[in-house]
Amino acid sequence: VDKDEDGRVTEEEVAEIISLSASANKLSNIQKQAKEYAALIMEELDPDNAGYIMIENLEMLLLQAPNQSVRMGDSRILSQMISQKLKPAKETNPLVRWSEKIKYFVLDNWQRLWIMMLWLGICCGLFAYKFIQYRNKAAYDVMGYCVCVAKGGAETLKFNMALILLPVCRNTITWLRNKTKLGVVVPFDDNLNFHKVIASGIVVGGLLHVVAHLACDFPRLIAADEDTYEPMIPYFGEQPESYWWFVKGVEGVTGIIMVVLMAIAFTLATPWFRRNKLNLPNFLKKLTGFNAFWYSHHLFIIVYALLIVHGIKLYLTKIWYQKTTWMYLAVPMLLYASERLLRALRSSIKPVKILKVAVYPGNVLSLHVTKPQGFKYKSGQYMFVNCRAVSPFEWHPFSITSAPGDDYLSVHIRTLGDWTRKLRTVFSEVCKPPTAGKSGLLRADGGDSVAFPTVLIDGPYGAPAQDYKKYDVVLLVGLGIGATPMISILKDIINNMKTDAHDRDIENNNSNGNSKGFRTRKAYFYWVTREQGSFEWFKGIMDEVAELDEEGIIELHNYCTSVYEDGDARVALIAMLQSLQHAKNGVDVVSGTRVKSHFAKPNWRQVYKRIAVQHPGKRIGVFYCGAPAPTKELKNLALDFSRKTTTKFDFHKENF
């Protein structure tokens with residue numbers, strides 16, 4: 001700073017070092033306001049308007065101890081916890097060690113385990129049933145165990161082709177988790193994971209069926225002598241002389257087409273293709289991504305039609321009631337078709353009007369629309385959005401960021417793919433730079449007579465975060481745009497706080513009054529984002545929490561990971577400037593809100609430890625939404641502290 005080494009620092013030199021520090025920490029907003037913040041420092045350290053400050057005064061301000069965020073009493077308890085054996089000595093007896101691991105695994109995953117055991121049991125039972133049935137039929141004498149394996153695999157295939165539709169019946173699952181107590185024993189949050197598990201079961205059943213037929217059954221039928229083949233005449237007619245006879249029949253053609261279509265759909269559904277993780281040539285990249293996954297999954301309409309035909313034209317079954325394929329598929333297909341019809345009707349019958357659009361830094365589009373009559377939802381839930389100007393067929397899910405008590409619906413959409421990029425473009429075309437006092441890079445209000453593109457919505461649908469009301473204390477963690485469901489929860493808590501305060505006023509005037517209140521008494525919100533501009537997305541709600549939360553129910557922690565951690569020389573001036581600005585004006589220099597930001601990434605072990613200290617014996621709901629990377633650490637810490645402290649942490653995740 002003091003280039004001429006005269007011990008004096010001018011305002012221009014302070015502005016320069018602020019600009020350099022902001023640049024090193026990728027804080028573009030601070031860099032733009034470097035002169036303004038330099039004037040703030042000069043005002044603090046140069047009260048006599050000498051035009052310079054002494055280097056030792058600036059040094060003293062830089063080296064001031066940061067404010068302690070933990071109370072002394074809590075700090076003492078923290079020290080005791082640190083000294084406890086949170087990581088006990090390793091058990092020497094391997095049997096005890098393994099039994100402990102198995103016990104914890106069962107306790108943590110019992111819901112998933114009983115569902116998986118039931119599913120595997122049914123699959124094995126169906127396979128064994130068909131295997132034994134064909135072991136005792138005449139076909140066994142010709143084709144041997146091959147026909148038993150083929151028919152056993154086919155039976156599991158029929159069951160799984162029916163079952164795989166149920167986890168994606170979103171309306172049904174939302175109704176079950178909202179209206180019944182099944183959520184206690186059924187892990188509805190894992191519906192898509194179970195959908196993938198069933199898909200793997202379809203692959204196994206399909207391979208057993210196809211390979212056994214093509215590589216074993218058909219060659220044996222062709223090679224059998226006349227006496228051995230004779231019992232097969234009622235089923236196949238005269239003995240086939242070539243392999244082509246089996247392939248060209250209805251059974252062979254439908255089977256081959258199904259295998260090809262399923263192979264395409266399954267391949268494009270894998271994370272490598274769906275998320276464009278493979279380094280493919282440009283002309284092949286057009287065949288991957290979410291659009292390819294979405295459209296290829298609709299090939300299953302053809303697959304199911306062929307499966308029914310394939311099931312009617314069975315080789316070895318002629319009696320109609322023994323042809324069970326349609327029996328397996330009837331109810332799930334009817335339920336799924338009803339769901340799709342309901343979605344189509346609901347979205348067209350309940351039109352929405354766009355109230356406000358804003359484009360924020362970080363490629364985020366905010367949409368505020370009217371709430372259709374009868375649209376009831378819970379904080380943490382999501383809805384599907386369709387924009388015909390982008391694609392008339394595509395529907396994409398987004399967390400609802402408004403609260404149930406609001407008279408509008410809002411979503412915040414991050415540009416992450418082709419559809420969201422086109423959506424941002426079509427809305428940017430009707431937006432203008434904001435007027436003074438309004439946020440966003442571009443925005444447009446419904447009252448400005450703007451011709452907005454048509455938007456349809458469908459929902460709401462259940463999500464893990466909607467269960468936050470079950471807990472007295474919640475830890476909400478959002479990574480980047482993953483903060484969206486948590487923002488709805490924060491708004492809901494604020495609305496409940498207002499209602500609770502109103503009820504208390506009534507209760508004070510009426511001695512017989514009884515305020516029901518709401519269960520959540522403490523909420524810790526941790527928002528971790530890479531870019532400073534991201535804080536503009538939810539600036540209003542942050543300030544509202546800071547203003548209304550007089551009882552300290554909500555504790556906000558914003559982390560900007562582009563900034564170096566505390567103690568690093570490159571962030572020293574920013575930290576000093578942050579403290580000065582917040583003390584003087586009550587505004588954070590990083591987020592632009594009343595909430596003071598933290599630098600770098602959170603120490604999650606310390607976060608859990610602090611909550612465990614402050615809420616002994618309580619059950620804490622931990623809700624995470626964002627990229628998959630931190631999920632493992634957050635989940636393992638929840639399990640670790642649940643086992644080794646009196647505080648129990650229930651972890652819920654929502655990845656995108």
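Let me start with Asp190, which counts as buried in this predicted model, because its relative accessibility is 13% and the cut-off for burial is under 20%. Its side chain meets that of Arg112 in a salt bridge, at 2.6 Å from N to O, and the pair links distant parts of the chain, since Asp190 sits in the loop between α9 and α10 while Arg112 belongs to helix α6 (residues 94-135), 78 residues apart. Arg112, for its part, is partly exposed, with a relative accessible area of 35%.

A search of the whole structure finds 15 salt bridges, and I would like to go through two others. The side chains of Asp458 and Arg343 meet at 3.0 Å, again N to O, and this pair also links distant parts of the chain, with Asp458 in strand β9 and Arg343 in helix α19 (residues 325-349), 115 residues apart. Are these two partners buried or exposed? Asp458 is buried, with a relative accessible area of 1%, and Arg343 counts as buried too, at 14% relative accessibility.

The other pair is Asp640 and Arg605, whose side chains form a salt bridge at 3.2 Å, N to O; here the link runs between helix α25 (residues 631-644), which holds Asp640, and helix α24, which holds Arg605, the two residues being 35 apart. Asp640 counts as buried at 13% relative accessibility, whereas Arg605 is partly exposed, with a relative accessible area of 23%. There is also a network, in which salt bridges that share partners join Arg177, Asp189, Asp467 and Lys470.

Turning to the backbone, strand β9 (residues 455-461) comes up again, as it is the place of Pro460, and a cis peptide bond with omega of about 0° joins Gly459 to Pro460. Ala600 deserves a look as well: its phi is near 65°, a positive value in a residue other than glycine. Ala600 lies in the loop between β13 (597-599) and α24 (604-614), and at 13% relative accessibility it counts as buried.

Now to the annotated segments. The UniProt record, an unreviewed entry, gives the annotation "transmembrane region" to residues 113-132, 252-273 and 293-316, and I treat this with some caution, because such annotations may be inferred rather than shown by experiment. Over residues 113-132 the chain is 100% helix and 0% strand, and the end C-alpha atoms are 28 Å apart. Over residues 293-316 the chain is 75% helix and 0% strand, with 36 Å between the end C-alpha atoms.

What span should we expect for helix α18, residues 300-312? At 1.5 Å a residue, its 13 residues should span 18 Å, because the expected span counts one less than the number of residues, and the end C-alpha atoms are indeed 18 Å apart, which agrees. The buried residues of α18 are Phe300, Val303, Tyr304, Leu306, Leu307, His310 and Gly311. Seen down the axis of α18, these buried residues fall within an arc of 165°, so they line one face of the helix.

Finally, the surface. A nonpolar patch of about 1000 Å² is made by residues including Trp98, Ile102, Phe105, Trp110, Trp114, Leu118 and Val184. Val184 lies in the loop between α9 (170-179) and α10 (191-223), and at 55% relative accessibility it counts as exposed. That same loop between α9 and α10 holds Asp190, the residue with which I began.

Terms used
Residues are numbered from 1 along each chain as its sequence is written. This is a predicted model: local features need pLDDT of at least 70, side-chain atom pairs count only at pLDDT 80 or more; totals for chains, interfaces and linings use all residues. Side-chain values use heavy atoms; hydrogens and water are left out. Helices (H or I, at least four residues) and strands (E, at least two) are DSSP runs, numbered from the N terminus. Buried means under 20% relative accessible area, exposed over 50%, partly exposed in between (1.4 Å probe, protein chains only). The arc is that of the directions from the helix axis to the C-beta atoms. Patches are made of residues with over 30% relative accessible area and no salt bridge: like charges are joined within 9 Å, nonpolar side chains (Val, Leu, Ile, Met, Phe, Trp, Tyr) within 5 Å. Accessible areas come from the Shrake-Rupley method with a 1.4 Å probe; for residues, only the protein chains shown count as cover. A salt bridge is a side-chain nitrogen of Lys or Arg within 4 Å of a carboxyl oxygen of Asp or Glu.
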